[in-house]
Amino acid sequence: MAYKYWRAVLRYGHVKKGKEVSVARYIQSEPEFGIVDVMNLVQNMPGVKNRGALRIERIDEAAFERGKLEEQDNFYLLKLMTYRPKNPIQETVGGAH
C-alpha cells in the first residue's frame, strides 16, 4: 500500500492565554486522504489550538522519516506526550498522615 506523507505546522499552547508554540508534525495517511482529511485529523490531536493548523503540505517519504526523527528531539512534544494531569482523587486516597 502506498501511503501519503504530510508535514503540518500546528499551534500548541494555553487556551485564550495568547501564548503558543508552533511545531511541525509529520503524518502518514492512507492513500485516499486529502489535505482536508489531514486538517480534520490534526485538529483533534491533543494540545492543538482551535484552528491550529498553520500549514499543511504533502511531502515525500524521506522527508517524513527525517521529520519523525526531529519530532523525537522536540522538547515541547516530549513534554506533551508525557504530561499526566494529577488526579485529585488519587492524591486524597494516599493522603498525608
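A salt bridge is taken here as a side-chain nitrogen of Lys or Arg lying within 4 Å of a carboxyl oxygen of Asp or Glu. By this criterion, a search of the whole structure, which is a predicted model, finds three salt bridges.

One of these joins the side chains of R7 and E57, with a nitrogen-to-oxygen distance of 3.3 Å. Because R7 belongs to strand β1 and E57 to strand β3, the pair ties together parts that are 50 residues apart in sequence. Both partners fall into the intermediate class of accessibility: R7 counts as partly exposed at 23% relative accessibility, and E57 is likewise partly exposed, with a relative accessible area of 28%.

A salt bridge is also formed between R25 and E71, whose closest N and O atoms are 3.1 Å apart. This pair links distant parts of the chain, R25 being located in strand β2 and E71 in helix α2 (residues 61-72), 46 residues apart. R25 has a relative accessible area of 10% and is therefore buried, the cut-off being under 20%; E71, at 10% relative accessibility, counts as buried too.

E71 takes part in a further salt bridge, in which its side chain meets that of K68 at 3.0 Å, N to O. Here both residues lie in helix α2, three residues apart, or about one turn of the helix. K68, with a relative accessible area of 29%, is partly exposed, whereas E71 is buried. Taken together, R25, K68 and E71 are linked in a network of salt bridges.

Turning to the nonpolar interior, the largest nonpolar core has twelve residues, namely W6, A8, L10, Y12, V23, I27, V38, V42, M45, V48, I56 and L77. The elements that give two or more residues to this core are β1 (4-13), β2 (20-29), α1 (35-43) and β3 (48-59), and the largest share, four residues, comes from β1. Apart from this core lies another, of five residues, among them Y5, Y26, I59 and F64.

The surroundings of L10, one of the twelve core residues, can be described in further detail. When its neighbours within four places in sequence are left aside, L10 is in contact with V21, S22, V23, R25, V42, M45, V48, G52 and A53. Among these contacts, V23, V42, M45 and V48 are themselves members of the largest nonpolar core, while R25, also in contact with L10, is the residue that forms the salt bridge with E71.

Definitions and conventions: Residues numbered from 1 in each chain as written. Predicted model: local features only at pLDDT ≥ 70, side-chain atom pairs only at ≥ 80, totals over all residues. Heavy atoms only, no water. Core = buried A, V, L, I, M, F, W, Y, C linked by side-chain atoms within 4.5 Å. Buried < 20%, exposed > 50% of the residue type's maximum accessible area, 1.4 Å probe, protein only. Contact = heavy atoms within 4.5 Å.
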